[in-house]
Amino acid sequence: MTAEFPKPPKAAHWARINEKTSIAGIKFLLAVEKAFGHTPFTVVLGPVLLFYWLSDARLRRVSLDWLSTVNRHSPFLPKPPGHWEGLRHLTRFADTILDKFLASAGRLDEKSLTVENDRMFREDAAEQGAIILTSHAGCQELLSAVSGNFTSHEIVVLQHTAHAREFQELLDKAGIYRGRIRWIEVTGISPATAMDLAERVDAGAYVIIAGDRVPVGSDKGRTSVSFMGREALLPTGGALLSLLLHCPLRMMTATRNPVGEGLPRYRVRFESIDEAPRAARGKREEWLQNAMQTYASHLEAELVKSPYDWFNFFDFWKNETVEKSPLE
C-alpha cells in the first residue's frame, strides 16, 4: 500500500531552487550528441540521472505524485508508477533539455515540429498582438527558434525569475545564439512593464508567459482550477494582462509525437481562450477563474496523451499531499 504524508512546511518556492547547470556541462552534452547521437547520449547520461533520482527525495516525490495523479485520472500504466517510470520521466526531461540547447543552437529545425490549430495567428493583422500562455512541458524553445519562419510578429517572452537571465548567459558563454526573441525577466507586472507591453501588443507583439507556476512571494494572483481530477493553483497574471490590454488570450502546449509513426519529434498545439476579453470589475475574478480553467482543461487534454512531457517538478496542487516515495 502506498502511504501518503503531508508536504513539509515552508518548502522552497520553485523560483528559489537553484538549477544545476554549467557551461562545461552544456558543451559536453552538445559534443556527445553531435559525435554519437541521441541514444549514446542517453546511455552516457544514465548514471547521472540515476544519481539524481536516488539522491533527491523532492524530485522523486513530485515526479511520482504527478505520474500517479495522471494514472488515476486517465490510466496509462497497468500498475501504480514506481522507480522505473520515475526514471523514464527524468530521462525524458534530460533528453528535452538537450533538445532545448540543440534548438537554440540551430541544430533542430521546423522539420522536427508539427504545428496544429494555428489558423488564428495566420489570420492576425500585422498590428494584432496577443498574450500566449505556455507551460513547463515539451521543448518550446524549438518553436521559438523557428518562429521567424511562421510569423513576422515580434515575440516577447516573460519569465518570473533570474533563471531567464542565467539561461541566456549560459547560452552566450557557450557560443549559442538565442535568436530574435526578446526575453524579459520580471518578478511582477509593474505599471512600467505593463505600459511597455501595452505598446508592444498594440504594435502586434505576441507576449508569452507561463501559465502553470504561481509568482514568487504572494498568495494573490492565482486561482484554483480542476486539473487531472485534483485542485491546482495556477497564476492569473497572464490572463489579467490580456484582460487589461483587451487583446486575445491564447495558449500553446508542446509534447512529443509518438515514436515510430514517422512524425516530427515535437508537436505544438494552439488554443484560443478568449479572442476579445471583457469583464466588469466586479466580474473580473470570475472571468480569470474561467479563463484559467479553460487553460487547465486544454493542457490536461494534451498531457493525458503524453504525461512524461510534464516538467513542472514543483508542488502546485491546492491539496498539498503527495504520495511517498519508497526510498523515503
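Okay, quick word on terms before we start: when I say helix or strand, I'm talking about DSSP runs, at least four residues for a helix and at least two for a strand, numbered from the N terminus. With that in hand, the protein chain has 10 helices and 11 strands. And keep in mind throughout that this is a predicted model.

A bit of overview. The chain has 328 residues, and 49% of them count as buried. If you take contacts between residues at least 6 apart in sequence, 80% of those join residues at least 24 apart.

Let's look at some helices. First up, H2 and H3. How do you describe a pair like that? Two packed helices are described by the angle between their axes and the distance between the axes. Here H2, residues 38–55, and H3, residues 57–73, pack at about 90°, and their axes are 5 Å apart. Anything from 65 to 115 degrees counts as roughly perpendicular, so that's what we call H2 and H3. On the H2 side, the residues involved are Tyr 52, Trp 53, Leu 54 and Ser 55, and they meet Ala 57, Leu 59, Arg 60, Ser 63 and Leu 64 of H3. By type, the residues of that contact split into six nonpolar, two polar and one charged.

Stay on H3 for a second, because Thr 69 sits in that helix and, with a relative accessible area of 2%, is buried. Who does Thr 69 touch? Skipping residues up to four places away in sequence, the list is Met 228, Arg 230 and Trp 317. With Arg 230 there's a side-chain to side-chain polar contact of 2.7 Å.

Now follow that to Met 228. You'll find Met 228 in the loop between strand S7 (222–227) and strand S8 (230–235). Buried or exposed? Buried, because its relative accessibility is 2% and the cut-off is under 20%. The backbone is worth a look too. Most residues other than glycine have a negative phi. Met 228, though, has a phi near 55°, so a positive value in a non-glycine residue.

Next, H4, residues 83–104. That one is 22 residues and spans 32 Å from first C-alpha to last, close to the 32 Å you'd expect at 1.5 Å a residue. Of those 22 residues, 16 are buried, so H4 is largely enclosed by the rest of the structure. Just after H4 comes Gly 106, with a positive phi of about 80°.

Over to H9. Its buried residues are Gly 238, Ala 239, Leu 241, Ser 242 and Leu 243. What covers them? The cover includes strand S3 (130–134), helix H8 (191–202), strand S6 (206–210), S9 and helix H10 (284–303).

And right after H9 we get to my last stop, His 246, where phi is positive at about 55°, even though this residue isn't a glycine. His 246 is in the loop that runs between H9 (237–245) and strand S9 (249–256). At 44% relative accessibility, His 246 counts as partly exposed. Leaving out neighbours within four places in sequence, its contacts are Pro 277 and Arg 278. For Pro 277, the backbone oxygen lies 3.4 Å from a polar atom of the His 246 side chain. For Arg 278, the two side chains make a polar contact at 2.9 Å. Finally, the C-alpha atoms of His 246 and Ile 131 are 9.9 Å apart, although the two residues are separated by 115 residues along the chain.

That's my tour, thanks.

Notes:
Residues numbered from 1 in each chain as written. Predicted model: local features only at pLDDT ≥ 70, side-chain atom pairs only at ≥ 80, totals over all residues. Heavy atoms only, no water. Buried < 20%, exposed > 50% of the residue type's maximum accessible area, 1.4 Å probe, protein only. Contact = heavy atoms within 4.5 Å. Polar contact = N/O pair within 3.5 Å; in protein donor to acceptor, adjacent residues only side chain to side chain. Axes fitted to C-alpha atoms, helices over the stretch in contact; angles between N-to-C directions. Parallel < 35°, antiparallel > 145°, perpendicular 65-115°, else oblique. Nonpolar A, V, L, I, M, F, W, Y, C, P; charged D, E, K, R; others polar. Expected span 1.5 Å × (residues − 1).
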